[in-house]
Amino acid sequence: MKSLLIVFFTLAVGALVGFTVLNNEKSAKNEQILIEEFVPVTVKENTVNTSTVSFIDRGTMKASWYGPQFHGKYTANGEVYDQMAFTAAHKSLSFGTLLKVTNPRNGRSVIVRINDRGPYIEGRDLDLSKGAAIELGLLKKGVGRVKIQEVTLGEGKNPTAMIN
């Protein structure tokens, strides 16, 4: 009986250690995927040169934020909405467009990726994810005028549209 308990205990500890190692590998892989999502590796047979990134002034927009009621649901481009990711909804900008959004009241900026459609409230131009609103300091106020710059590579090309 004692040897059976020792074998059971050894198997249980081994399984726990194996699960932990496997889970850490998955976590590291997921972190790598998140990092690679925003760091393009190849661009139509050429390596991305970060010195070619530029910002095109798109003026100001009235921005609001959305989050909890849509978290985990599908966005207009088919991905699952993560309220803490740096994403945004716009009525007509192409999915994948990167925008540098700056709050002129505090100078804080964040880069968001368009992955949804909206906002659907009259007079608003951009719906930010909750994570982006927190970073910009717009969470409490809910709505604010922000400065918009489109992030481009070299000759005005959108970085996400060029990733293989």
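## Salt bridges and a barrel: worked exercises

Glutamate 150 and arginine 58 are joined by a salt bridge, with 2.9 Å between the closest N and O atoms; the term requires a side-chain nitrogen of Lys or Arg within 4 Å of a carboxyl oxygen of Asp or Glu. The model is predicted, with local features needing pLDDT of at least 70 and side-chain atom pairs counting only at pLDDT 80 or more, while totals for chains, interfaces and linings use all residues. Residues are numbered from 1 along each chain as its sequence is written, and side-chain values use heavy atoms, with hydrogens and water left out.

**Exercise 1.** Determine which parts the pair of glutamate 150 and arginine 58 ties together, and whether glutamate 150 is buried or exposed.

*Solution.* Begin with the strands, which are DSSP runs of E with at least two residues, numbered from the N terminus. Glutamate 150 belongs to strand S8 (residues 143-153) and arginine 58 to strand S3 (residues 53-66), so the salt bridge ties together parts 92 residues apart in sequence. Then take the accessibility, where buried means under 20% relative accessible area, exposed over 50%, and partly exposed in between (1.4 Å probe, protein chains only). Glutamate 150 is buried at 13%, whereas arginine 58 is partly exposed at 43%.

**Exercise 2.** State how many salt bridges the whole structure holds, and place the pair of glutamate 79 and arginine 113.

*Solution.* The search of the whole structure gives 2 salt bridges. In one of them, the side chains of glutamate 79 and arginine 113 meet at 3.1 Å, N to O. Glutamate 79 sits in the loop between S3 and strand S4 (87-89), and arginine 113 in strand S6 (residues 109-116), so this pair ties together parts that are 34 residues apart in sequence. Glutamate 79 is partly exposed, with 26% relative accessibility, while arginine 113 is buried at 10%.

**Exercise 3.** Describe the barrel and the pairing of S5 with S8.

*Solution.* The 6 strands form a closed barrel in the order S3-S7-S4-S6-S5-S8, with mixed pairing, where two strands pair if DSSP finds at least two bridges between them. Strand S5 (residues 98-102) runs antiparallel to S8, and 4 bridges join them; lysine 100 has glutamine 149 in S8 as its bridge partner.

**Exercise 4.** Assess the confidence of the chain.

*Solution.* The mean pLDDT (the predictor's confidence in each residue, from 0 to 100) is 78, and 62% of residues reach 70 or more. Over residues 1-5 the value is below 50, and over residues 7-46 it stays under 50. Where pLDDT is low, the predicted coordinates should not be read in detail.

Notes: Contact means heavy atoms within 4.5 Å.
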